[in-house]
Amino acid sequence: MHIVVCVKQVPDTKIIKINPKTNTLDRRSAPAILNPYDAHAVQEAVRMKRLIKEVYISVLSMGPPQANAIIKKSVEIGADEGYLISDRAFAGADTLATSYALSKALDKISSIRPIDMILCGKHAIDGDTGQVGPGIARRLDIPPVTNVIEVTELNEKEQTVVVKRKLSGGYQLLQIQMPCLLTVEKEINEIEYSPLPNMLKAARYEPVVWTVNDLGDVDLTQLGLKGSPTIVGKMFTPPKHDGGKRLEGSSDEQVRELIKCLLEEKKELFHVK
Amino acid sequence: MSKEYRGVWVFIEQNEGEIEGVSLELLGAGRKLADKLSVSLCGVLLGKDVKALCNQVISYGADEVYVIDHPVLEDYRTESYMKGVVLLAEKYRPEIFLYGATPNGKDLASAVATDLSTGLTADTTMLDVDLDKRLLEASRPAFGGNIMATILCKKHRPQMATVRPKVMKALEPDKDRQGVIIEENIELYEDDMRTKVLKVVKDVTKRANLADAHIIVCGGKGLGDQQNFSLIYELAEVVGASVGGTRDVVEAGWLPHELQIGQTGETVTPKIYFAVGISGAIQHVVGMKNSEIIIAINKDANAPIFDIATYGIVGDALEILPKLIQQFKEISTEKGGEISYA
């Protein structure tokens with residue numbers, strides 16, 4: 001069985017600073033990391049490999065040459081092979097153009113080793129859209145299941161997988177015919193410490209790098225900025241609110257004042273059972 | 001090109017015969033866009049035995065409802081729903097198509113946008129149109145910064161967006177409102193489906209906690225560490241509130257993800273919202289700014305949270321919270337009962 005995990009390099013939003021002058025991100029301030037949801041996707045592939053031995057795990061990323069760092073990271077978690085598609089032609093892609101480029105790379109990977117399952121993180125923490133996973137599935141005409149919180153059953157003989165898909169108020173239990181694409185939530189697993197052999201392998205590992213010319217039959221007009229229907233029209237600071245009442249005095253006085261205000265305005269709060 | 005595409009569409013998400021709140025909110029928002037553009041507002045309704053819901057869709061502002069009623073559409077699945085929605089969009093060609101940013105709405109919109117080769121803006125919180133160019137202006141908080149980005153889709157139709165729940169306002173339903181119901185047939189066979197729904201399990205408890213809570217106490221990174229975060233639980237306990245956290249707090253592992261409030265978590269509109277140790281990044285604010293009363297407690301007098309707070313206390317949460325908890329306890333003892341929101 002061949003699982004391909006799509007991974008993205010993102011700035012670490014926990015550390016990133018905001019430029020107070022422009023109100024935008026100072027990307028230089030943030031280290032680039034493997035998108036956390038994608039890390040869980042790689043971990044899930046590793047978990048499946050443990051369950052049914054005959055699993056080969058590839059990871060695929062699109063990005064600048066530096067993105068090979070997250071492929072090495074994926075190898076550390078347990079991936080067997082890594083592919084990076086890197087070319088100026090891909091730059092400026094929105095979700096539609098991204099799913100196109102990745103689906104072309106997946107076609108090529110599939111010709112090397114047929115793919116049974118594609119895993120993606122639920123979304124990337126820099127864009128938060130969650131649109132690329134289902135987009136890839138449509139382009140490859142395989143069934144997608146988003147927001148997966150548990151893979152409960154994997155049947156190699158029947159080529160089916162059973163998963164729990166998170167909903168607003170509960171979950172669906174779904175059985176999907178492979179090949180299929182799943183996007184995973186963080187609660188699907190815990191990231192484990194990487195075993196030493198993986199770390200040694202990762203340190204030496206160099207991913208397979210493809211440019212647009214390596215992908216074969218590609219429609220250049222569907223790639224990058226050119227192939228992206230959406231653009232950022234403008235950036236603006238949301239309208240300022242006046243703000244309400246600043247409470248004054250010592251902390252005791254402020255607390256007393258607050259409770260007094262709440263009592264006046266929200267008598268219902270102090271409904272006594 | 002755009003001449004061929006007319007009308008504003010809203011995907012009506014229903015679960016077991018009940019329409020999701022966000023779909024009704026989108027009918028309200030879509031009504032305004034349709035009136036500006038002088039076109040019809042249409043609901044798109046898929047499911048099994050859902051025709052009875054058409055009148056409700058009309059009463060909330062739609063002029064037309066496109067409905068596909070089919071047994072295979074009983075439960076949401078990307079492959080069956082996408083097929084129906086793509087069929088309708090290709091046949092009737094709307095210029096704008098909105099979906100709720102729910103798990104199903106986002107999933108469906110992503111698949112449909114790919115099939116229609118058009119643009120899709122995720123998790124929108126503001127909608128408007130540029131009337132001259134008939135362009136949808138879909139705005140969303142831009143990553144991280146305290147800034148909004150307006151996304152445009154100039155050359156492709158329909159212009160699609162998913163919209164955060166509880167941000168737009170539904171209209172008062174008008175039972176006498178007249179509309180047209182257009183039934184569409186589709187060929188779907190259960191045997192062709194590569195996804196089978198084995199069961200649907202409801203867990204309403206988690207949702208009720210935040211989305212329907214009257215009072216929420218939300219903590220941010222300003223509390224310092226996970227141990228101090230227990231004060232949030234204590235305050236919540238004495239006022240009968242639900243607990244939430246910011247993205248930072250969830251990323252740090254102090255709280256599970258389902259308790260995250262903000263752009264990538266829950267959107268909430270309680271009667272009273274305590275924002276403790278929260279700076280007020282737009283990412284968080286979009287998820288709570290429609291709360292009735294917002295109480296901000298923060299050390300930094302310049303924190304943006306104070307701009308939207310009803311009552312602001314500049315001070316150390318670790319000093320303020322115990323006092324607040326103590327006072328609430330005294331009141332409840334005085335009144336001889338628990339504090340709760342009637």
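Modeller: A residue counts as buried if 20 or more other C-beta atoms, placed from the backbone, lie within 10 Å of its own (exposed: 12 or fewer; partly exposed: in between). This is a predicted model, where local features need pLDDT of at least 70 and side-chain atom pairs 80 or more, while totals for chains, interfaces and linings use all residues. Residues are numbered from 1 along each chain as its sequence is written, with chains lettered from A and ligands numbered from 1 in the order written.

Colleague: OK, helix α3 of chain B: which residue follows it, with a positive phi?

Modeller: α3(B) covers residues 78–92, 15 in total (helices are DSSP runs of H or I, at least four residues; strands are runs of E, at least two). Its buried residues include the run from B:T78 through B:E79, B:S80, B:Y81, B:M82, B:K83 and B:G84 to B:V85, and B:L88 and B:A89 are buried too. Phi is near 50 degrees in the residue right after α3(B), and that is B:R93.

Colleague: Now the open sheet of four strands. What is its strand order?

Modeller: Strands pair if DSSP finds at least two bridges between them. β8(B) and β9(B) run antiparallel over five bridges, and β9(B) pairs with β10(B) over four, also antiparallel. Chain A then contributes β14, joined to β10(B) by six bridges. Put together, the order is β14(A)-β10(B)-β9(B)-β8(B).

Colleague: Why do two of those strands each have one side without a neighbour, and which are they?

Modeller: Each has a single partner strand, so one side is left without a neighbour in the sheet. The strands standing at the edges are β14 (230–236) of chain A and β8 (126–130) of chain B.

Colleague: How many residues of β9(B) are buried?

Modeller: The strand spans residues 135–141. Within the sheet, B:A138 of β9(B) stands opposite B:L127, and B:P141 has B:M148 in β10(B) as its bridge partner. β9(B) is mostly covered, and of its seven residues the buried ones number six.

Colleague: And the hairpin of β8(B) and β9(B): which residue takes a positive phi there?

Modeller: Four residues lie between the strands. The phi near 50 degrees belongs to B:R134.

Colleague: Back to the two chains. In β18(B), what is the bridge partner of A:R246?

Modeller: Contact here (C-beta atoms within 7 Å) involves 80 residues of chain B and 73 of chain A. Across the chains, A:M235 stands opposite B:A149 in β10(B). Elsewhere, β15 (245–246) of chain A and β18 (311–314) of chain B run parallel, joined by two bridges. There, the partner of A:R246 is B:G312.

Technical notes: The expected span of a helix is 1.5 Å times one less than its number of residues. Two residues are in contact if their C-beta atoms, placed from the backbone, lie within 7 Å.
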